[in-house]
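Student: I would like a close look at one part of this model, with the geometric terms given their cut-offs as you go. Please take it slowly and keep the steps connected.

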Amino acid sequence: MHALIRKSAALVRANSHFIHISTSGLYGYHHLKTPKGFQRFVDDAIERSEELVNYIAGMPSSPEIIRAMDEISDTVCSVIDSAELCRHTHPDREFVDEASKASLRVNEFLHYLNANHSIYKAVVKAEKDSDSLTHEAQRAARFLRMDLEKGGIHLCSEKLDRANELSIDIIQLCREYNENIITDPGHVNIFPASKIPKRLHHLVSPIYCNLPGASKGSMGSRDNIKEKGFRLATESSALQGFLQCVPDAGVRKVVYVQGNSVPHANLEVLDKLIATRHEFAELMGYKSYAEFALHSTMAASPEVVIPFLLEMSKVVRPKADQEFEAIQNFKRENSGDPNGELEPWDEAYFTWLMKSATYKLDSSVIASYFPLRQCIEGLKVLVESLFGVTFHGAPLAPGESWHPDVMKIVLHHPTEGDLGYLYLDLKSRKGKHPICAHFAIRGGRRVSETEYQLPVVALVCNFSGSSLAPVRLSHFEVETLFHEFGHALHSLLSRTEYQHFSGTRVVLDFAETPSNLFESYAWDYRVLKTFAKHYSTGDMIPKELVESMVGAKKMFAATELQRQIFYALADQTLFGEQPSTGRDTIAIVADLKRQHTSWTHVEGTHWHTRFNHLTNYGAGYYSYLYAKCFATSIWQRMCQEDPLSLDTGSALRTKFLQHGGAKDPADILNDLVGSGIDPSSSSDKSTEDTSSSSTVGKKDSSSSLGFGSSVTSSKKKQQKGKRERDSIIRREPIQKPSFATQPDESGSKEFQKNESAFLLAWLGLGGIILVEGILLAASGFLPEAWDNFFVKYLYPSFTPTVFLFVAGTVAYGVLKYLQNEKFNSEN
């Protein structure tokens, strides 16, 4: 049930008393020692939930009703959350398949709970009997009742059955939409190979085709001569690097068009999703799905959101047009075509050239200050400085982890004890979903007067590095890490009575505020200097470099803000009121782009079929802009003066993070920074400074893809009518994509030269051995004079040559083994 689906936690403590979950299975759940354990995990969750339903039906006291409801939520969510994390990260396909089955089974059970009138009557009773409830319990009763009604519990049986059918359909359509993005990234073939810069060769696969006009000649058959090219899979991550780094405009165009024209199947899926959500909303008594989704948010209604977006669009347009003109002039000056038009596939390439030229930035130099190990140290600095909390590794029990790269972190307070547990799964690998996200495995909740269930979360990213050096992050990736860590801290530091409100379980348009706030820490030199050190020299990052990075980020602030407004308007329109006849989503989105951006629409493209926020944040994308405003205000009024002080951290924790969703967001904001925060008043300021904190989970910042294209990630699917995010997603880069940001090669160029020289010598020696072997084998068939020559000169040298070749091979193998061991130890 929507009311009961909340995230969960993993260990329970109270003072010196602990309740432990067996740590002999995945995430510490003893059920999950094997893939089939998910079946038993579901069975036990359903059995326990039914026991609690029967208990609630007996109408116990109001506090006991709310407590039992929260236990149902915690029990069910422990399965759903574990299954979703497993589906996105586990390398074992059997685990993934079983997790998918478990997720669907539990969702079906939730619809049974949604239709249970005994539960609904008990919750209504508890809400009316508010005198015996704490303030948080009263709030829980109210939201439980509202969420049950979002599922249709108040409808007649016929309509309720239909509502449950539609809810199941919505879940399936969302899953199909996101799976299509992963399985159908599209591809382009590029000839000749020289069109692709060498620094992007790791993103492509070599292909060959017959040269046109090849024919037989005196040298033999030439029709087998082939030309080398490259095939690029136009998945979001690769698309980003190409559009930013390829100088050939023709290549950029074909990559942009293909990357924004897949998956084609999602056009039909999206049409079905829009129609299904609209029918569900009408069944609930609303004019549109947008009205249904927003009625319990801070904004409350599309009638508030749409005027807000239109006003921001109007305000930002002049500045965005100026930026467009500047980019166009730069292109004309540098391309030699004074009349050249600026196209969407040009944006990423020329804006990065302009930033680099203005601020003398080199992405490899920036990355050299952000080895992954040091960035994790930066997280440690944050929690120790702000909250007086230690941040240290904990041993993983057998079967608890899903991959050797996974780390387990404990947050420990000197007087309060352990606060929670954090899994870090930060490196990319084959089969792992290309997401950056925060997953709550279990939420915190009070079990008794002396016991508190500790939160457990996972922070998942996809950072990649070369095989010759430790993983080094682009600064955008550092910002991503801090963004997701903001979500993790929201979960780990919350101390709510009920897991229903734990951590990120807040209203839609407030969920991303902590993550956006902690992005600002990734841009502050006072913070960066505590951990950003050169991977080889240990030198601190120069202040001048950080200032240049900040300046570059602000260069096209209006263009970026305009993009976010356009995305939000597209989201609101697609899920707004529907005409009696079907609508063409391509035409709708293209028209909105022409009205609300400075860029043209490329005919034949449909970027919105990769815009997975339409499933995850349907009708809620505007919340990125709300969160930006809130986070910017908190940073400027509370953190900017002394971002790492204990006083700052104490205020953030006690007035903000510890409350989760148990306190009204407006009250939290007033306690933090006073009254007067109004998202609609932020548009002027946003065009001047969009860098101080970017937006939700994170916002779809695809400027590197060209305007109107979307980077996409797969994430946990949002339940129909649910207020909270099951996991929080971070979009791909605005600039400096990780794959285009090569590691600083200054420390390895000499090694690579020596290695190349050795390999050439090794191959030469192998060639000599081959020739000698052929000659020796043929010696009995050659003239006697030749045989005598071979016996005198060739035989004596053959054995030493072979020995030298073998010794060199062994030495090279040992060298590479030691090098890989060093790489693994550094990461």
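Tutor: What follows starts with one helix and its packing, then turns to a sheet and to some backbone details. The model is predicted, so local features need pLDDT of at least 70 and side-chain atom pairs count only at pLDDT 80 or more, while totals for chains, interfaces and linings use all residues. Residues are numbered from 1 along each chain as its sequence is written, and side-chain values use heavy atoms, with hydrogens and water left out.

The helix is α2, residues 62-89 (helices being DSSP runs of H or I of at least four residues, strands runs of E of at least two, both numbered from the N terminus). It packs against α4, residues 117-128, at an angle of about 130 degrees, with the axes 9 Å apart (axes are lines fitted to C-alpha atoms, for helices over the stretch in contact, and angles run from 0 to 180 degrees between N-to-C directions). That angle makes α2 oblique to α4, since angles under 35 degrees count as roughly parallel, over 145 as roughly antiparallel, 65 to 115 as roughly perpendicular and the rest as oblique. The crossing of α2 and α4 is left-handed, a term for a near helix turned anticlockwise from the far one by less than a right angle, clockwise being right-handed. On the α2 side the contact (heavy atoms within 4.5 Å) is made by Ser62, Ile65, Ile66 and Met69, and on the α4 side by Ile119, Ala122, Val123, Lys125 and Ala126. These residues divide into seven nonpolar, one polar and one charged, where Ala, Val, Leu, Ile, Met, Phe, Trp, Tyr, Cys and Pro count as nonpolar, Asp, Glu, Lys and Arg as charged, and the others, Gly among them, as polar.

Alanine 83, also in α2, has a relative accessible area of 0% and is therefore buried (under 20%, against over 50% for exposed and partly exposed in between, with a 1.4 Å probe and protein chains only). Beyond its neighbours within four places in sequence, alanine 83 touches Phe38, Ala99 and Ser103. Its C-alpha is 9.0 Å from that of phenylalanine 95, twelve residues away in sequence.

The sheet is open, with three strands in the order β3-β5-β4 and antiparallel pairing (two strands pair if DSSP finds at least two bridges between them). Because β3 and β4 stand at the edges with a single partner strand each, one side of each is left without a neighbour in the sheet. From one strand to the next the twist averages 35 degrees. Four bridges join β3 to β5, residues 226-233, and isoleucine 190 has phenylalanine 230 of β5 as its bridge partner. Helix α8 packs on this sheet, touching β3 and β5, and its direction makes about 165 degrees with that of β3.

Now for the backbone. The loop between β3 and β4 holds proline 192, whose peptide bond from phenylalanine 191 is cis, with omega near -10 degrees. Proline 263 lies in the loop between α8 and α9, and the bond to it from valine 262 is likewise cis, with omega near -10 degrees. Most residues other than glycine have a negative phi, and most peptide bonds are trans. Tyrosine 27, in the loop between β2 and α1, has a positive phi near 60 degrees, and counts as buried at 2% relative accessibility.
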